[in-house]
Each structure stands twice: as structure tokens, then as C-alpha cells.
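Colleague: I should like to go through this model with you. Could we settle one term before turning to the details?

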Amino acid sequence: MIRTWGVAAGRMLKGQSAPVTYGLIAVCCLVFVISPVSGLNPAYGTGDEVLAAQQAYFERWGVVPSELLSGAGRPLLAPATALFVHGSWLHLLGNMLFLFVFGAMAEERMGHVHFALFYVGCGYLALFAYAVAHAGSVQTLVGASGAISAVLGAFLSLFPKARVTSLFPFLFFLPLRFPAWVVLPFWVVLQWLAALQGGQGPGVAYLAHLVGFSLGFVYAWVRYGRTARVKEPAPATEGDSQP
């Protein structure tokens with residue numbers, strides 16, 4: 001769902017406790033490793049067998065827009081299960097790196113239980129919104145990027161001046177430090193432009209990114225207001241990635 005455009009964050013806050021963030025990363029990685037997509041589980045066979053297993057896996061646990069809107073019970077759970085399913089190693093690592101970079105600080109500010117509910121709720125709504133906008137589609141949608149985009153939106157609202165070291169390909173990958181209010185809106189613009197161009201290729205759902213980011217930003221803005229916002233430049237977490 002999320003394509004790498006090259007961003008690296010600053011150092012991690014010392015003593016930061018983020019069990020939900022790290023737990024989500026561990027669960028997503030474990031689910032992927034034991035799935036037929038990782039290529040590490042010999043139980044799924046090889047060749048056509050593993051391809052068939054992968055297709056069945058995505059259809060069972062992912063979101064199929066045309067089925068979701070049918071109102072049946074199991075498809076209504078699909079946006080929740082799809083948050084823990086990824087389509088490739090690159091898809092998984094990109095998403096988990098963004099969650100690692102931005103999730104810990106957001107969790108510390110919001111509280112552990114609150115952050116967990118926020119993550120799952122916004123992720124569910126982002127995928128559901130994508131399904132509504134593509135009601136006739138039979139293409140399966142998987143991945144945590146809707147939820148992670150919500151984390152980015154909340155991070156921007158809560159830590160607008162956090163310094164983020166970004167690597168931009170068109171600037172020869174020179175490491176440049178910008179506040180979050182510069183880097184994250186730039187990412188949103190890229191998603192918006194891609195969505196306008198109809199970029200909904202395999203593993204990419206830009207509309208879900210935009211919905212998730214908007215939900216996260218608005219929620220943090222309304223819930224915490226200006227009182228919880230960091231007013232001085234703050235370090236972001238360590239990582240190298242992309243939504």
C-alpha cells in the first residue's frame with residue numbers, strides 16, 4: 001500500500017515505552033512469516049501451489065470491496081484482519097519501519113490502550129472508505145498503511161516541530177533536516193497526486209492513505225488540541241522508510 005520515497009527520522013527518545021507499537025510490529029511480522037506470502041513456510045509447497053495459497057490467503061483475510069459492502073458478517077471483519085496482512089517483504093518492511101519511526105512517540109502521548117484503539121479504528125475506517133469508493137472492485141486490499149497513515153496524521157498534530165531527517169531522490173539523497181510540518185504534508189501531496197492519476201496498482205491504495213492521515217490528524221487535533229502539542233523541536237524516532 002505504501003511506496004518508498006525515502007525518509008529517515010532522527011534518534012529515538014531514550015526511555016520511551018511503546019509496547020503497543022512494538023507489539024503491532026511483532027504480530028505483523030509473525031503473521032507474514034508464517035503466511036504463504038513470505039516464501040518461508042514449506043507447508044504451502046512451491047510454484048502454482050504457493051500462488052494458489054497466496055490468492056486464497058488474501059481473499060480470506062483481506063478486503064474485497066464488492067464483498068465488504070454486501071453486508072455479510074465475515075467480510076465486515078475484513079478491514080480489521082487486513083491490517084495485519086501484507087503482500088510482500090517490501091510492503092511489510094516499509095510499513096513496519098514507518099510505524100517504528102512515528103508510532104512510539106504518538107503512543108507515549110496518547111496512552112497505550114488509547115493508541116491501540118486509535119490505530120485499529122482509523123485503519124478500519126481507512127480501508128472501509130477505500131472499499132466504498134471502489135464498491136465494484138474485486139481486487140483484494142491488504143496492509144497496515146491506512147492505520148499507519150493515521151499515526152502520521154496524529155504525529156503531525158502532536159509533534160509539528162519534531163525534526164525529521166529526509167532523503168529526497170531528486171536532491172541526490174542528501175540528508176536534510178526538516179520539521180514534521182514540512183515533511184509529512186509533502187508526503188500527503190505525493191499521495192494525493194498519485195490518487196488523482198489513478199495510481200491504484202497492486203499493493204497501493206492511495207485513497208486509504210489520505211483517509212487514514214486525515215482521520216488521524218483531525219482526531220488528534222480535536223481530542224488533544226493545542227495543550228498536548230509539542231511546541232519546541234523534538235527528536236523523532238529512528239528509522240529509514242516510506243508511507
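Modeller: Certainly. Buried means under 20% relative accessible area, exposed means over 50%, and partly exposed lies in between. Please note that this is a predicted model.

Colleague: Then take L215: what is its relative accessible area, and how is it classed?

Modeller: L215 has a relative accessible area of 29%, so it is partly exposed. The residue is found in helix α9.

Colleague: Which residues does L215 touch, not counting those up to four places away in sequence?

Modeller: L215 touches C122, L125 and A126. Of these contacts, C122 and A126 are listed among the buried residues of α6.

Colleague: And how far is L215 from G153?

Modeller: Their C-alpha atoms are separated by 7.3 Å, although the two residues are 62 residues apart along the chain.

Colleague: That leads to the helix pair. How do α7 and α9 cross?

Modeller: The axes of α7 (residues 145-158) and α9 (residues 206-224) come within 6 Å and cross at roughly 40 degrees. The crossing is right-handed. On the α7 side the contact is made by S145, G146, S149, A150, L152, G153, A154, L156, S157 and L158. On the α9 side A208, H209, G212, F213, G216, F217, A220, W221 and Y224 take part.

Colleague: What is the chemical character of that contact?

Modeller: Its residues divide into 11 nonpolar and eight polar, with no charged residue.

Colleague: Is α7 mostly covered or mostly open?

Modeller: Helix α7 is mostly covered, with 14 of its 14 residues buried. Its end C-alpha atoms are 19 Å apart, which agrees with the 20 Å that its 14 residues should span at 1.5 Å a residue.

Colleague: Let us change topic to α5. What do its ends tell us about its span?

Modeller: The 22 residues of α5 (residues 89-110) should span 32 Å at 1.5 Å a residue, and the end C-alpha atoms are 30 Å apart, which agrees. There is nevertheless a kink of about 45 degrees in α5, centred on G103.

Colleague: What follows α5?

Modeller: G111 follows, and its phi is positive, near 100 degrees.

Colleague: There is a glutamate in that helix, E107. Is E107 buried or exposed?

Modeller: E107 has a relative accessible area of 0%, so it is buried. Leaving aside neighbours within four places in sequence, E107 is in contact with S17, A18, P19, V20, T21, H112 and F115. E107 and P19 are 88 residues apart in sequence, yet their C-alpha atoms are 8.7 Å apart in space.

Colleague: What about L30, buried or exposed?

Modeller: L30, in helix α1 (residues 19-34), is exposed because its relative accessible area is 53%, and the cut-off for exposed is over 50%. From L30 to F84 the C-alpha distance is 9.5 Å, with their positions 54 residues apart in sequence.

Colleague: Lastly, the chain as a whole. How many helices and strands does it have?

Modeller: The chain has nine helices and four strands, in the order β-α-α-α-α-α-α-α-β-β-α-α-β along the sequence. Of its 243 residues, 49% count as buried.

Colleague: And what share of the contacts with a separation of 6 or more comes from residues 24 or more positions apart?

Modeller: Such residues account for 79% of those contacts.

Technical notes. Residues numbered from 1 in each chain as written. Predicted model: local features only at pLDDT ≥ 70, side-chain atom pairs only at ≥ 80, totals over all residues. Heavy atoms only, no water. Axes fitted to C-alpha atoms, helices over the stretch in contact; angles between N-to-C directions. Helix = DSSP H or I, 4+ residues; strand = E, 2+ residues; numbered from the N terminus. Left-handed = near helix turned anticlockwise from the far one by under 90°. Contact = heavy atoms within 4.5 Å. Nonpolar A, V, L, I, M, F, W, Y, C, P; charged D, E, K, R; others polar. Expected span 1.5 Å × (residues − 1). Bend = angle between axes of the 7 residues up to and from the residue. Buried < 20%, exposed > 50% of the residue type's maximum accessible area, 1.4 Å probe, protein only.
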